[in-house]
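Please open the structure in your viewer and keep the selection tool at hand. The stops below suggest what to select next and describe what is found at each place.

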Amino acid sequence: MFVITEATCQQVVGQQDAFSAVEAVFAAMASGDANNFPVVREAIGYADALYGFKSGFDKAGRVLGVKSGGYWPGNASKGLTNHQSTVFLFDADTGQLDALVGGNYLTAVRTAAASAVSIAHLAREDSEVLGMIGAGHQSAFQLRAAAEQRAFKKVVAWNHHPDMLPALEKVANDVGLPFEAVTQEAVGAQADVIISITSAHQPLLMKDWIKPGTHLACMGTDTKGKQEVDPAILVSAAVFTDEVAQSISIGEAQHAVNAGDLNEDAITPIGAVINKSHQGRRTADDITVFDGTGVGLQDLAVAAVAKRLAIETGLAQVIEL
Ligand code: NAD
């Protein structure tokens, strides 16, 4: 069995590796070759922790496994990240444990890869301004991956905690983009592509503030009750997602669907656009939304890449069970 540590994952898996793996698995999900299994997520009644499993099987890529972990709110005071996870990969032919892979860095790159895939397939080619709503741990990965997809000229950003914005400014400058901290309304008015990546439970962006032609990647809402944007945006937009079942229950679409204003049939898996069975954006003025809820197969896809690259570079540790 192989052990791929967090440090090795960071060393071997780049943004482009994650992009290709996530794009391929979204395509496999849409064509029925890969399936996510029901998610388990429970409050364990200890340390205020949420713990669970996300699993699935990608028949096309022969990747079988589970990501286990969750959220420990007290970790920050121990010098650890609150989100903790580990991926277990199994041999699809025998069921034997094949690899243990650190999941923390991979969660951030696979989430950034998902919004980057949506930008690549749905944003207008002439997009110039990238808007960021959120400036937490994930936002740096999101900005870096998004910056690869279009010839952006600047980043505008808003965050609930303004003191977190200078760290995001450094990331923007690092990828050669000027950065401006602005109001929420100005993010809507200026940005051609907007990524929301917060833990908000209220809309942070209203429909009247955004321009025709905008692409939004709503990435923060991954649980019942969370919300980042005005449901009216989804009602008037072409809505895409990683997985429809999650989009309507734990994703950004839950609110418009619960209000009876958006039908699940109107939500398209992004894999259908990648597979070219759906045209995606129809006109330059369409508002497109990607509701990125985060599926287990994304984790397994990047973990499989980490295993392959670690073996190729001699960084995979081998242990006997
Ligand atoms: P973080 O704790 O590092 O940052 C939280 C962000 O939310 C910050 O920008 C913070 O200012 C903002 N925020 C906190 N309370 C807010 C409020 N009341 N109103 C508006 N903004 C508020 O977290 P992170 O690791 O960057 O994750 C951000 C979000 O993304 C979380 O909700 C997390 O669950 C979600 N997430 C989603 C996926 C996915 O696949 N879709 C993957 C990983 C994380």
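Leaving aside its neighbours within four places in sequence, which residues is Leu315 in contact with? In this predicted model, select Leu315 and you will find that, apart from those neighbours within four places in sequence, Leu315 is in contact with Thr8, Gln11, Val12 and Ala310. Leu315 sits in the loop between α11 and β18 (317-318), and with a relative accessible area of 29% it is partly exposed. Add Thr8 to the selection: although Leu315 and Thr8 are 307 residues apart along the chain, their C-alpha atoms are separated by 6.7 Å.

**The two domains**

Next, colour the chain by its domain assignment, which gives domain 1 (2-107 + 297-318) and domain 2 (124-294). The C-alpha centres of domain 1 and domain 2 lie 24 Å apart, and the contact takes 14 residues from domain 1 and 17 residues from domain 2.

**The largest nonpolar core**

Now select Phe26, Val101, Leu106, Leu130, Met132 and Ile195, which are the residues with the most contacts inside the largest nonpolar core, a set of 68 residues. Helix α3 (residues 104-122) provides the largest share of this core, with ten residues. Why does this core lie between the two domains? Domain 1 (2-107 + 297-318) and domain 2 (124-294) both give residues to this core, so the core lies between them.

Keep Met132 in view and show what surrounds it. Not counting residues up to four places away in sequence, Met132 touches Ser139, Gln142, Leu143, Val155, Val156, Ala157, Trp158, Leu168, Val187, Ile195 and Ile197. Apart from the largest nonpolar core lies another core, of 28 residues, and to find this other core you can select Ala200, Ile210, Leu216 and Val244, which are among its members.

**Three buried residues**

Go on to Ser196, which lies in strand β11 (residues 193-196) and is buried, with a relative accessible area of 3%. Leaving aside neighbours within four places in sequence, Ser196 is in contact with Ile133, Ala217, Cys218, Met219, Gly220, Glu228 and Val229. If you draw a distance from Ser196 to Asp242, the two are 16 Å apart in space, C-alpha to C-alpha, and 46 residues apart in sequence.

Asp242 also leads to the next stop, since Gln298 touches Val22, Val25, Phe26, Arg110, Thr111, Ala114 and Asp242, not counting residues up to four places away in sequence. Gln298 has its place in helix α11, and at 1% relative accessibility Gln298 counts as buried.

Is Gly251, the next residue to select, buried or exposed? At 0% relative accessibility, Gly251 counts as buried, and you will find Gly251 in the loop between α8 (244-249) and α9 (254-258). Once its neighbours within four places in sequence are left aside, Gly251 is in contact with Thr221, Gln246, Asp291 and Thr293. The C-alpha atoms of Gly251 and Asp222 are separated by 5.2 Å, while the two residues are 29 residues apart along the chain.

**The second largest pocket**

Turn now to the second largest pocket, which has a volume of about 370 Å³. Of the 22 residues that line this pocket, the closest to its centre are Gly61, Arg62, Val63, Ala304 and Val305, and these make a convenient selection. At least two residues of the lining come from each of α2 (15-30), β5 (63-71), β6 (83-90) and α11 (296-312), and α11 gives the most, with six residues. If you colour the lining by class, you will see 14 nonpolar, two polar and six charged residues.

**Two positive phi angles**

Stay with Arg62, which lies in the loop between β4 (50-58) and β5 and has a positive phi of about 55 degrees although it is not a glycine. At 53% relative accessibility, Arg62 counts as exposed, because exposed means over 50%.

For the last stop, select Lys276, in the loop between α10 (270-274) and β17 (288-291). Lys276 has a positive phi of about 65 degrees although it is not a glycine, and Lys276 is exposed, with a relative accessible area of 69%.

Key
Residues numbered from 1 in each chain as written. Predicted model: local features only at pLDDT ≥ 70, side-chain atom pairs only at ≥ 80, totals over all residues. Heavy atoms only, no water. 1 Å grid on protein atoms, 1.4 Å probe; cavity = no way out; pocket = protein on both sides within 12 Å on 5 of 7 lines; lining within 4 Å. Points joined across faces, edges and corners; volume = space filled by probe spheres on them. Helix = DSSP H or I, 4+ residues; strand = E, 2+ residues; numbered from the N terminus. Nonpolar A, V, L, I, M, F, W, Y, C, P; charged D, E, K, R; others polar. Core = buried A, V, L, I, M, F, W, Y, C linked by side-chain atoms within 4.5 Å. Buried < 20%, exposed > 50% of the residue type's maximum accessible area, 1.4 Å probe, protein only. Domains from an automatic or database assignment. Contact = heavy atoms within 4.5 Å.
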